[in-house]
Amino acid sequence: IYPFLSRQWHYYNDGTASSALSGCDINGFPVWTSYTTGREDVIVSVVDGGVDWSHEDIAANMWHNPEHHGNGQYGYNFCRNNYLVTADNHGTHVAGTIAAVNNNGVGVCGIAGGDAEKNVPGVRIMSCQIFEGEDGSGSGATAIKWGADHGAVISQNSWGYKTLETTPQSVK
């Protein structure tokens with residue numbers, strides 16, 4: 001019940017994928033089988049472009065800010081300084097790698113996405129949006145702190161700047 005799991009060779013690579021070297025993976029299957037598929041009490045802040053909180057593979061594992069409702073409950077937009085997170089391809093991709101719901105018959109699997117078939121929820125994704133379009137960027141340092149202050153125990157940061165000279169001092 002994993003439509004695209006065969007394409008996610010980075011979780012478990014047995015060498016059958018095109019140009020794949022067996023063992024070049026994170027060896028995720030044994031963890032899912034013997035340990036955990038994720039825990040809903042773990043909050044991961046995705047400090048990146050905004051996460052598409054309505055995405056069919058991610059929506060069930062989105063964090064909900066108890067202080068806000070509606071579209072403003074999934075994180076914070078540090079570009080606009082408000083709670084309205086706007087979807088971004090990279091932020092959504094990263095969130096899916098972490099917490100796409102496993103075993104739900106839809107799309108991909110997340111490394112800690114839980115198991116829909118066994119009714120086991122995955123980690124919760126908190127969107128800390130620091131990029132928006134070509135022009136908008138918010139403070140990564142501020143977003144990391146905000147996430148921690150709001151319950152995130154893991155901060156995911158797969159972003160960067162083109163040169164050391166363009167990297168803000170607060171990030172250095």
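This passage looks at one pocket, the cysteines and two loop residues of the structure, which is a predicted model.

A good place to begin is the second largest pocket, whose volume is about 190 Å³. Its lining is made up of 13 residues, and those closest to the pocket centre are W32, T33, T37, D115 and K118. Two elements, α1 (28–34) and β3 (114–115), each supply at least two of the lining residues. The greatest contribution comes from α1, which gives three residues to the lining of this pocket. Sorted by class, the lining holds six nonpolar, five polar and two charged residues.

The cysteines come next. The structure holds zero disulfides. For C79, which is in no disulfide, the nearest cysteine sulfur belongs to C128 and lies 12 Å away; a disulfide would need the two sulfur atoms within 2.5 Å. Another cysteine, C24, counts as partly exposed because its relative accessibility is 39%, a value in between the cut-offs of 20% and 50%.

Backbone angles bring two asparagines into view. Most residues other than glycine have a negative phi. N81, however, has a positive phi near 55°. This residue sits in the loop between β2 (75–77) and α2 (89–99), and with a relative accessible area of 55% N81 is exposed. N119 likewise is not a glycine, yet its phi is positive, at about 60°. The loop between β3 and β4 (120–121) is where N119 is found, and N119 is exposed too, with a relative accessible area of 69%.

Definitions and conventions:
Residues numbered from 1 in each chain as written. Predicted model: local features only at pLDDT ≥ 70, side-chain atom pairs only at ≥ 80, totals over all residues. Heavy atoms only, no water. 1 Å grid on protein atoms, 1.4 Å probe; cavity = no way out; pocket = protein on both sides within 12 Å on 5 of 7 lines; lining within 4 Å. Points joined across faces, edges and corners; volume = space filled by probe spheres on them. Helix = DSSP H or I, 4+ residues; strand = E, 2+ residues; numbered from the N terminus. Nonpolar A, V, L, I, M, F, W, Y, C, P; charged D, E, K, R; others polar. Buried < 20%, exposed > 50% of the residue type's maximum accessible area, 1.4 Å probe, protein only.
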